[in-house]
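The following exercises are intended for a first course in protein structure. Please study the sequence and the structure, attempt each task, and then read the worked solution.

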Amino acid sequence: MPKKCILILLDGLGDRSYEELGNQTPLQAARTPVLDKLAEMGANGLYHASFAGQALPSENAHFMMFGYDMADFPGRGVLEALGAGTELTPGDVAILTHFVSLSERDGYLVLEKRKPEMSENEISDLTHVVRDYENQDVSIDFTYTGGIRGILTLHGEVSRFITDTDPVQKGLPLAALKPWADHAHNPAAIRTADVLKEYLLQVYQRLKAHPVNLSKLRQGLMPVNGLVTQRAGQLGTPPRFSEKYGLRGLSISSGIVYWGLCAYIGMDYRRVTDTGHPGDDIAERLLMARKSLDDYDMIHIHTKTPDEAAHEKDPALKKSVIESLDRGIGQAIRVFTDDPQVFVIIASDHSTPSSGPLVHSGETVPLLFHGKGVRRDHVRRFDEISAGGGALGCVRGRELMYLMLNHLDRCKLHGLMDMPVDQPFWPGNYEPFRIRQIP
Ligand SMILES: [Zn+2]
């Protein structure tokens, strides 16, 4: 049986059907001979990292896919902070933020533009204004993470249990900052919401009066005059991936949130960059994984490109990205599929619709297993519809990790306790039985 697993993760691959694609999904409409051949030689099914219908962001989906409980999830702010190399101490709150264009209406701030265009110089000038703030013994730092994005790190007696201000859709008012309902009387949550509100108001006043924005107004352009916030988090102490699943894991990925997630669960990662050629990039990542195969048991090879194409709300663009990925996978996949020691999984983390207002949607995604011993089904094509008729059925959440252990002959017979912790893998990293104490 295989000893190593390659998990090829096509981010945001699942989609809906579109009239312009003949009522097919972009994956169905795409010409994908390589993925179709793998589907024919393997076992197919559908996957959802949580439960069908729940729209998951990548970080939550990956966290559950890697077999973790959401109770241990630290929030995306923390993951991006770790991925960006920001120093976080236990108790700090990290919050995602980005620049936006706001207007005032009836005493409220309304989101006019969620992704304003800004030059590098403008971003640099405005970033100076939003750094370093202190109030009620709470300090706030802004760390720039690229594009129009950053992370706010709050130090002091603070809490992550506060609501977001980002309404996501333009034309909507910013949401009031409030403690979560079950933290309504938590002084730290009340303080955090209070201080953050004062900070965001100060940022708005300062940005509004900034020369960059005065100049934009003179040119008839929309000012970039605010920050919105999302997904506050705090560090936790999750078990390391290798201790939880007995596998040495590596991720080859291109986004700071994936690097941060790996740092958080103690998985190694390689930082790669996207070149604009999805196929070439995935081929290179597959070859990079091959070179690391001796040192790891599970390698996550990630591409964000189907998700990004879907966010452009252009089904044809997503279809062409998928076709490019299929060519790239075809260039390099045989180094794994010809090796009986390797079990290949092709999966996705969530669906990203190429149309409509949703960021992500809750439909399942296709899942494919290829390797020695895998049950071969009758599926001949790799897409959301064909996969539904496959032998894997619908796999959810951590079942993916358990199935991985199964196909590597590493799953523990339920009930055995070779370690004080009831881990899912076998054999455990147990302490050997001594015949005598060493003096
Ligand atoms: Zn994703």
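**Exercise 1.** Determine what radius of gyration a compact globule of 439 residues would have, and compare the protein chain with that value.

*Solution.* The model is a predicted one. Step 1: for 439 residues, the radius of gyration of a compact globule would be near 22 Å. Step 2: the value for the protein chain is 24 Å, which agrees with that of a compact globule. Step 3: the extent of the C-alpha trace along its principal axes is about 70 × 65 × 35 Å. Step 4: of the 439 residues in the chain, 47% are buried. Step 5: among contacts with a separation of 6 or more, 69% are between residues 24 or more positions apart.

**Exercise 2.** State whether G279 is buried or exposed, and give the reason.

*Solution.* Step 1: locate the residue; G279 belongs to helix α10, which covers residues 278-292. Step 2: count the neighbours; G279 has 21 C-beta neighbours inside 10 Å. Step 3: apply the cut-off; a residue is buried if this count is 20 or more. G279 is therefore buried. Step 4: list the contacts; leaving aside residues up to four places away in sequence, G279 touches S324, L325, R327 and G328. Step 5: consider Q219, which is 60 residues from G279 along the chain; the C-alpha atoms of these two residues are 41 Å apart.

**Exercise 3.** Describe how helix α4 and helix α9 pack, giving the angle and the distance between their axes.

*Solution.* Step 1: the two quantities are chosen because packed helices are described by the angle and the distance between their axes. Step 2: helix α4 (residues 76-83) and helix α9 (residues 256-265) pack at about 95°, and their axes are 7 Å apart. Step 3: angles of 65 to 115 degrees count as roughly perpendicular, so α4 is roughly perpendicular to α9. Step 4: the residues of this contact comprise nine nonpolar, two polar and two charged. Those from α4 include L79 and L82, and those from α9 include W259 and Y264.

**Exercise 4.** Identify which strands pair with strand β13, and in which sense.

*Solution.* Step 1: strand β13 spans residues 365-370, and six of its six residues are buried. Step 2: strand β2 (residues 43-48) runs antiparallel to β13, joined to it by five bridges. In this pairing, N44 has L368 of β13 as its bridge partner. Step 3: strand β12 (residues 342-347) also pairs with β13 in the antiparallel sense, over three bridges. Here V344 stands opposite H370 of β13.

Technical notes
Residues numbered from 1 in each chain as written. Predicted model: local features only at pLDDT ≥ 70, side-chain atom pairs only at ≥ 80, totals over all residues. Helix = DSSP H or I, 4+ residues; strand = E, 2+ residues; numbered from the N terminus. Buried ≥ 20, exposed ≤ 12 C-beta atoms within 10 Å, placed from the backbone. Contact = placed C-beta atoms within 7 Å. Rg over C-alpha atoms; globule rule 2.2 N^0.38 Å. Axes fitted to C-alpha atoms, helices over the stretch in contact; angles between N-to-C directions. Parallel < 35°, antiparallel > 145°, perpendicular 65-115°, else oblique. Nonpolar A, V, L, I, M, F, W, Y, C, P; charged D, E, K, R; others polar. Pairing = 2+ DSSP bridges.
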